[in-house]
Amino acid sequence: MIRSAVQWLPTSTHFGPRLAEILDVVGHEIILHRFPDGELRATVGPAATTTIVCCSLNQPNEKLIALLFAAEALRRNGAERLVLVSPYLGYMRQDTAFHPGEAISQRAIGTFLSNTFDCVITFDAHLHRTPNLAEVFPGVEAHNLSAAPAIEAHLRAETVAPTTVVVGPDEESRSWVADIAGRLGLAYSVARKVRRSDQSVQIAFTDASLFAGRPVLFIDDIVSSGGTLTACAEVLAASGASSIEGIIVHALFPRELMTAFGRAGIRSVRSTNSVPHPTNAIRLDDLLARALRREFVGMPETGSPP
């Protein structure tokens, strides 16, 4: 049996093959077949002692079943260690029961994946009321990587104006926005957000005069409905921002929303490749490869990928 390999679901061809190439290990796509009644069949490649399984969990329901089937086949064929690489980890936002009778999806999915994999690696998981990723995945290794180094490198390459203000959508984003601003030596501000519904939010800033005549870089971890981004942009434009651009870690919104973003005054939106999206401009591949080097004997854990 080979020592190590990378396998990926069909929806993760945007990063699975690249990881196998960077790490110089065998790569294989997991083949899924859908029967007329909707059931799935998963066919994996040859199992390795350590097998990395790549699957970003946007639109997660069918993918979770596919992961269960793939893991079963890999274990039965001799895999001793299964590592799930999921740059976007779905079902993390429901981390408590907000109303009587609600399921806590974060807890349920965490238990499910902990029973299936030995290690989970993701980026900027949505953990607002959960102290760390280890709380979500009891009994297995869990690594919550930051996309900040990739975002910093991308912005440095284009020479961001020193007068730029980095903006976050709410108090929960403060540490993340402060990190990016600190890396680039920029000012930052965080909005006060009151959510009315999934697509309706009210936004205000303590000192809106900060934005007058200055470019603004809006940074958020997840954009799905686009309500927060649009509301922030409207307030920023009304406050006299000279330009507004968005950087998103996980772009979950439909491409049709780009028109609405433009009407709100947003000049551009760029995202990481945690999920495939037309706005993808910031690659996480090298950060993933560095994190995965610990899985391969003889490969250093730090330094640039080969």
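Me: Over residues 13-114, what percentage of the chain is helix, and what percentage is strand?

Reply: Helix makes up 33% and strand 22%. The C-alpha atoms at the two ends of residues 13-114 are 24 Å apart. Helices (H or I, at least four residues) and strands (E, at least two) are DSSP runs, numbered from the N terminus. This is a predicted model, where local features need pLDDT of at least 70 and side-chain atom pairs count only at pLDDT 80 or more, while totals for chains, interfaces and linings use all residues. Residues are numbered from 1 along each chain as its sequence is written, and side-chain values use heavy atoms, with hydrogens and water left out.

Me: What does UniProt list for residues 13-114?

Reply: The record, an unreviewed entry, gives "domain: Ribose-phosphate pyrophosphokinase N-terminal" for residues 13-114. Its positions follow the numbering used here, its feature names are shortened, and its annotations may be inferred rather than shown by experiment.

Me: How do you know that β1 and β2 are joined, and which way do they run?

Reply: Strands pair if DSSP finds at least two bridges between them. Strand β1 (residues 4-8) and strand β2 (residues 26-29) have four bridges, and they run parallel. The two strands therefore count as a pair. One of the bridges links A5 to V26 in β2.

Me: What makes the β-α-β crossover from β1 to β2 right-handed?

Reply: The chain leaves β1, passes through helix α1 (residues 16-23) and reaches β2. Point the strands away from you: a right-handed crossover runs clockwise from the first strand over the helix to the second. The β1-α1-β2 path is right-handed by that rule.

Me: Which strand pairs with β1 over five bridges?

Reply: That is strand β5 (residues 50-54), in the parallel sense. A5 has a bridge partner in β5 too, namely T51.

Me: What makes β2 and β8 the edge strands?

Reply: The open sheet has six strands in the order β2-β1-β5-β6-β7-β8, with parallel pairing. β2 and β8 (141-145) each pair on one side only. Neighbouring strands in this sheet are turned by 20° against each other on average, direction ignored. Such angles come from axes fitted as lines to C-alpha atoms (for helices over the stretch in contact) and run from 0 to 180 degrees between N-to-C directions.

Me: How do you know that C55 is in no disulfide?

Reply: A disulfide is a covalent bond between the sulfur atoms of two cysteines. Here the rule asks for a pair of cysteine sulfur atoms within 2.5 Å. For C55 the nearest cysteine sulfur, that of C54, is 8.9 Å away. C119 is in no disulfide either, as its nearest cysteine sulfur, also that of C54, is 12 Å away. The count by this rule is zero disulfides.

Me: Why is C55 called buried?

Reply: Buried means under 20% relative accessible area, exposed over 50%, and partly exposed in between (1.4 Å probe, protein chains only). C55 has 0%, so it is buried. C119 is buried as well, at 0%.

Me: What makes the side chains of E21 and R18 a salt bridge?

Reply: The rule wants a side-chain nitrogen of Lys or Arg within 4 Å of a carboxyl oxygen of Asp or Glu. E21 and R18 come to 3.5 Å, N to O, so they pass. The two residues are three apart in helix α1, which means about one helical turn. E21 is exposed at 55%, whereas R18 is partly exposed at 34%.

Me: How many salt bridges does the structure hold?

Reply: There are 14. Among them is E62 with R34, with the closest N and O atoms 2.4 Å apart. This pair links distant parts of the chain, 28 residues apart: E62 in helix α2 (residues 61-76) and R34 in strand β3 (residues 31-34). E62 is partly exposed at 36%, and R34 is partly exposed at 48%.

Me: Which residues are linked with E152 in a network of salt bridges?

Reply: R156, D179 and R183. E152 and R156 have their closest N and O atoms 3.0 Å apart. They sit four residues apart in helix α5 (residues 148-157), about one helical turn. E152 is buried at 15%, while R156 is partly exposed at 48%.

Me: Why is P254 called partly exposed?

Reply: Its relative accessibility is 42%, so P254 falls between the two cut-offs. P254 lies in the loop between β14 (243-251) and α8 (257-263). The C-alpha atoms of P254 and H277 are 8.7 Å apart, with their positions 23 residues apart along the chain.
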